[in-house]
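Below are some notes on the structure, set out as numbered points for discussion. They go from one internal space to the wider chain and then to the sheets.

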Amino acid sequence: MVYVAQALSKSTGVAMPTKYLTDRTLGALRNKPPAAGQRVDYMDTIVSGFGVRVNDAGKLTYILNIRYPGEGHPTRRTLGQPGEKTFPDARVFTLADARDEALRWRGLVKVGKDPKAEQDKAKREAAQKRSNTFSAVAEDFIADMKPTERRRVEVAQAIRRELIPAWGTRPIVEITPLDVVAVVKAMKQKGHLHQARNLLGRTRRIFRWAIAQHAYGLERSPCAEIRPSDIIGDRQPRQRILNDAEIRAVWKASGTLGYPYGPLFQMLMLTGQRRSEIAKVSRAEIDKKNTALVIPAERMKANAAHIVPLGDQALSVLAGLPKFEAGDYLFSTTFGRKPVAGFSDAKVALDKAVAAELGEKPKPFTIHDIRRTVRTHLSALPIPQHVAERIIAHTQSELSKTYDLYSFLDEKRHGLALWESRLREIVTPTEPQSSNVVDLKTAAANVA
């Protein structure tokens, strides 16, 4: 192909014609291309080194011919083509855009930067931002959580339910303290103060983890200067316990819910254990010889194995559970393959059933309030406080954990038997105590 030279540019020393480029000029150049096999560069009279190349097919290309860093003489580089969609918003590349880009390139060259290198760097950063969205980082965080973490499923569900919908497609480096405050306050405004505090804690944990990975371009957490007391308020101790009428209503309402949540709620009332500790029980954790539930250390908050003696009524509840072949979990919606995890819908159903039992809507209560209610009743029974604390697996002092390794199995069994008897009186006050008693050996044998 023959290159046509018609003038000498003072800026480059290369022979080429000069023109005051306008949209009309570009149209004329496109309609009257050079002869076959030729191409011509028309240099702009406004921006030095900027021009447009025309080939024999009438195709136009914006160019900038200057001395780039590291090169000994002026070199022609392509800026783009008229009408080309080069912007994120799909705008076409206009003559004005090309002049602005040429001026930007000249500015970079003036300070010793190569425009192409800067362009490649910007593309890499943009690609990194796209791959480092909050959603992607949050899923990496979830995948990196220890499989044995006690509340792994619950934490993952909360992140996917509350945080990813709010920030999912945004680069994690662009999440601001204002964004964090907005999400936490939205939870607070729903009246869920405890959940708001947990949400802030989980958000803080994600950003702290992301910084430690040194892989997402994040250097500072937007949660760094946010204190829970400033946006949520001081932590108020929870003091809600169920009265006898509410205990009776919850027990009977649980009986109407059916498997798996109905018997699960009843086991919480019978044992006073944490929700996750009962929800994730497997048949392998049932000690039939000692009629006890043995929860391994990795599932306990205190990271120590916990033995829960099973009384008559607890054994009766467990004996009535379905026996799956696909999996080992006692409370499951997947035929035992996985334990139940979501409690929101079940709690709504429980509240509705409790209201029906009471004949009115009860004062709001959480599932954890059942545990507090059991612990309060244990104090009202002739049970030593240190035994009552061990029944519900409250964390012991470091001294006790180190030197007092006695299991208190018999004492805990006696305490839970007293509580079962008291619960029976509350639930069926007019019926003989023997009406709900199941033979210990028979029930134990049925818990396969």
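1. The lining of the second largest cavity divides into six nonpolar residues, one polar residue and no charged residue. The residues concerned are Leu242, Ile247, Met269, Ile370, Thr373, Val374 and Trp419, and they enclose a volume of about 40 Å³. Helix 14, which spans residues 367-380, gives the largest share of this lining, with three residues. The model is a predicted one, and the points below should be read with that in mind.

2. The largest cavity, with a volume of about 110 Å³, has a lining that divides into five nonpolar, two polar and five charged residues. Among the residues that line the largest cavity are Arg150, Arg151, Glu154, Arg275 and Lys280, together with Val153, Ala279, Val340, Ala341 and Phe343. The elements that give two or more residues to this lining are helix 5 (152-167) and helix 11 (275-279). A search of the whole structure finds three cavities of 30 Å³ or more.

3. For the chain as a whole, the model has 18 helices and nine strands, and buried residues make up 42% of its 448 residues. Of the contacts with a separation of 6 or more, 57% are accounted for by residues 24 or more positions apart. The accessible surface of the chain comes to about 23,900 Å², and carbon and sulfur atoms hold 52% of that surface.

4. How many of the residues of strand 5 (residues 60-66) are buried? Seven of its seven residues are, so that, with buried taken as under 20% relative accessible area, the strand is mostly covered. The cover extends to both faces, with Leu60, Tyr62, Leu64 and Ile66 buried on one side and Thr61, Ile63 and Asn65 buried on the other.

5. Strand 5 pairs with strand 4 (residues 50-55) in the antiparallel sense over five bridges, and within this pairing Gly51 has Ile63 of strand 5 as its bridge partner. Strand 4 and strand 5 form a hairpin with four residues between them, and Gly58 in the turn has a positive phi of about 85 degrees. Strand 5 is also joined by five bridges to strand 6 (residues 75-80), again in an antiparallel arrangement, where Leu64 stands opposite Arg77 of strand 6.

6. Strands 7, 8 and 9 make up an open sheet of three strands in the order 7-8-9, with antiparallel pairing. Strand 7 and strand 9 stand at the edges with a single partner strand each, and therefore one side of each is left without a neighbour in the sheet.

7. Within that sheet, strand 7 (residues 286-287) and strand 8 (residues 292-295) pair over two bridges, and Ile286 stands opposite Leu293 in strand 8. A hairpin with four residues between the strands links strand 7 and strand 8, and Thr291, which lies in the turn, has a positive phi of about 40 degrees. On the other pairing, four bridges join strand 8 to strand 9 (residues 306-309), with Val294 opposite Ile307 in strand 9.

Methods: Residues numbered from 1 in each chain as written. Predicted model: local features only at pLDDT ≥ 70, side-chain atom pairs only at ≥ 80, totals over all residues. Heavy atoms only, no water. Pairing = 2+ DSSP bridges. Buried < 20%, exposed > 50% of the residue type's maximum accessible area, 1.4 Å probe, protein only. Contact = heavy atoms within 4.5 Å. Areas by Shrake-Rupley, 256 points an atom, 1.4 Å probe, with all protein chains shown as cover. 1 Å grid on protein atoms, 1.4 Å probe; cavity = no way out; pocket = protein on both sides within 12 Å on 5 of 7 lines; lining within 4 Å. Points joined across faces, edges and corners; volume = space filled by probe spheres on them. Nonpolar A, V, L, I, M, F, W, Y, C, P; charged D, E, K, R; others polar.
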